[in-house]
Protein chains: 2
Amino acid sequence: MIKSFLMIGQSNMAGRGFLYDVPPIINERIQMLRNGRWQMMIEPVNYDRPVSGVSLAASFADAWCLKYPEDTIGLIPCAEGGSSLDNWVIDGELFQHAVSEAKFAMKHSKLTGILWHQGESDSADGKYKVYYDKLLVIVQALRDILNVPEIPLIIGGLGDFLGKTGFGQYCVEYERINDSLQKFAFEQANCYFVSAQGLTANPDGIHVNSLSQRYFGLRYFEAFDKKTQVLAPLSHEVELLDRLSARMHTPTELMFVKQMDFALGKISYETLINE
Amino acid sequence: MIKSFLMIGQSNMAGRGFLYDVPPIINERIQMLRNGRWQMMIEPVNYDRPVSGVSLAASFADAWCLKYPEDTIGLIPCAEGGSSLDNWVIDGELFQHAVSEAKFAMKHSKLTGILWHQGESDSADGKYKVYYDKLLVIVQALRDILNVPEIPLIIGGLGDFLGKTGFGQYCVEYERINDSLQKFAFEQANCYFVSAQGLTANPDGIHVNSLSQRYFGLRYFEAFDKKTQVLAPLSHEVELLDRLSARMHTPTELMFVKQMDFALGKISYETLINE
């Protein structure tokens, strides 16, 4: 059965890495939820905005597939760009919609983990003071409603590029949010923190860029797989990403790419059929 | 309150028109549903596949906005590429998910119409014989469950390019499906048929191309607005599309485009702020 993961939070969970800055991840053992059904994944997975792109979820899943050759991973995209923690209150649309999507996914998968990245929209005006308690209510409700009381929750930190330029300059208290996120992961059961140390941003100063999203996903996988706090870059993350990129594609994956090329008018029907 | 429209069916409702073959429709009075919330629309609206593109929904909504300057339109994208009528059975994921999405939309909109385009996947093996009865069950259930017993249903015909080339060549009985669709619209209350006459396809021989999707949307609007069967191209559809394309954008719309350009790294923060 598919092992599924709920993606929630704001834009850096949805993914804003530019699509053509890194090689695409094409893996027939990674699925994504669309219209309540599973289909083979391609980025953007979490299409909350027209500018959605590379997120951490694809390399998280790709790393999983490398280590566990029998598994198939399903991604449930429910992150919403710009959302504050208050937008995730349990009677709000984002929370309710994420629950609804997770329930569709759970009809044909085992919900295995929750991937959370959020906090930029709470990095000002002293909101860090109530972040921990608000997040606790949300996480407890999610685990209760979906009947997964012990499901692991992976929480990524905010990037050190915040507070400086572009839209990121308004996140002046991002370090206080990071403190809250890390404290939450250390104190709450089955929660693991993932450091954003060393990650770099798009020119907008707020969104993790494509290559950094790839590394971030590997760190999320490490946290999940080892059930450990990841407080610094992985010593093997560059090598691991190279290994993932070097994998030979299966015939199904090659045909998937050809069919997209055909649907987009890039190759002829004859070329498609002959290959 | 937003007037919302449920988009259901298969790929030609989702939209496969190439994105850059026609000018984008940027209209602050057209919204789309994402994560249970409304946001300003941009195509692709119905992101069921990575190759999703221009659909009929955008020009349908744009024509509505031109005629009714006080209205805001909301699009609820639930079409699924390749889906047969059997995939839309009422206890299946597609139907249930569409109901779920419609209910989220209805919290902050008035569900005003249902846009249906489907049939390519039923254009072989004698499936036309049971199409009418199966569709009736689906439509009645949808109106019942959403408590909109008299909501208009607009049903588009299949293109005459089918049955010939590419993936379209397998739709050998598309004319029989068209007969069923038209009969359905003529016999059932508050149903209107929209002819696909004269529309052209992508090189794949099955998907309505961008410009034809624009005209198709205008025909859907005509059917809805006049509560009439549209059995041929509109005499004014070329002129109407030109009028829509010529509309001056509002400051909000211009800023929307600039913010996308910034998020995609195409313009600098300084340029964004200065404009």
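Trainee: Why is B:Asp48 called buried?

Mentor: Happy to walk through that one. The model here is a predicted one. In it B:Asp48 has a relative accessible area of 1%, and buried means under 20%, so B:Asp48 is buried.

Trainee: What makes B:Arg49 partly exposed?

Mentor: The relative accessibility of B:Arg49 is 21%. The partly exposed class lies between under 20% and over 50%, so B:Arg49 counts as partly exposed.

Trainee: And what makes B:Arg49 and B:Asp48 a salt bridge?

Mentor: Their closest N and O atoms are 4.0 Å apart. The cut-off is within 4 Å, from a side-chain nitrogen of Lys or Arg to a carboxyl oxygen of Asp or Glu, and the pair is listed as a salt bridge.

Trainee: How do you know that B:Asp86 and B:Lys134 form a salt bridge, and which parts of the chain does the pair link?

Mentor: The N to O distance between their side chains is 2.7 Å, and the rule asks for within 4 Å. B:Asp86 sits in the loop between β4 (73-77) and α3 (93-106) of chain B, while B:Lys134 is in helix α4 (residues 128-145) of chain B. The two are 48 residues apart, and the pair links distant parts of the chain.

Trainee: Which class do B:Asp86 and B:Lys134 fall into, buried, partly exposed or exposed?

Mentor: B:Asp86 is at 41% relative accessibility, so it counts as partly exposed. B:Lys134 is at 30%, so it also counts as partly exposed.

Trainee: Let's turn to chain A. Why is A:Arg214 said to tie parts together with A:Glu43?

Mentor: A:Arg214 forms a salt bridge with A:Glu43, with the closest N and O atoms 2.9 Å apart. A:Arg214 lies in helix α6 (residues 210-226) of chain A and A:Glu43 in the loop between β3 and α2 of chain A, so the pair ties together parts that are 171 residues apart in sequence. Both A:Arg214 and A:Glu43 are buried.

Trainee: How do you know that A:Cys65 is buried, and what is A:Cys65 in contact with?

Mentor: Its relative accessible area is 2%, and the cut-off for buried is under 20%, so A:Cys65 is buried. A:Cys65 is found in helix α2 (residues 57-67) of chain A. Leaving aside neighbours within four places in sequence, A:Cys65 is in contact with A:Asn27, A:Arg29, A:Ile30, A:Asp71 and A:Ile73.

Trainee: What makes A:Arg37 and B:Glu80 a salt bridge across the interface?

Mentor: Their closest N and O atoms are 3.2 Å apart, against a cut-off of within 4 Å. The rule finds two salt bridges across the interface of chain A and chain B. There are also 19 residue pairs in polar contact between the chains. On the chain A side of the interface, α3(A) gives the most, with seven residues.

Trainee: How much area is buried between chain A and chain B?

Mentor: About 3800 Å², of which carbon and sulfur atoms give 59%. In chain A, A:Asn35, A:Arg37 and A:Tyr47 lose the most area to chain B, together 19% of what that side buries. The contact takes 40 residues from chain A and 40 residues from chain B.

Trainee: Which residues of chain A does the UniProt domain annotation cover?

Mentor: The unreviewed UniProt entry annotates residues 5-224 of chain A as "domain: Sialate O-acetylesterase". Over residues 5-224 the chain is 35% helix and 16% strand.

Methods
Residues are numbered from 1 along each chain as its sequence is written. Chains are lettered from A and ligands numbered from 1 in the order in which they are written. This is a predicted model: local features need pLDDT of at least 70, side-chain atom pairs count only at pLDDT 80 or more; totals for chains, interfaces and linings use all residues. Side-chain values use heavy atoms; hydrogens and water are left out. Contact means heavy atoms within 4.5 Å. Buried area is the accessible area (1.4 Å probe) that two parts lose on being put together, summed over both. A polar contact is a pair of N or O atoms within 3.5 Å; within protein, one must be able to donate a hydrogen and the other to accept it, and residues adjacent in sequence count only if both atoms are side-chain atoms. Helices (H or I, at least four residues) and strands (E, at least two) are DSSP runs, numbered from the N terminus. UniProt positions are given in the numbering used here, feature names are shortened, and annotations may be inferred rather than shown by experiment. Buried means under 20% relative accessible area, exposed over 50%, partly exposed in between (1.4 Å probe, protein chains only).
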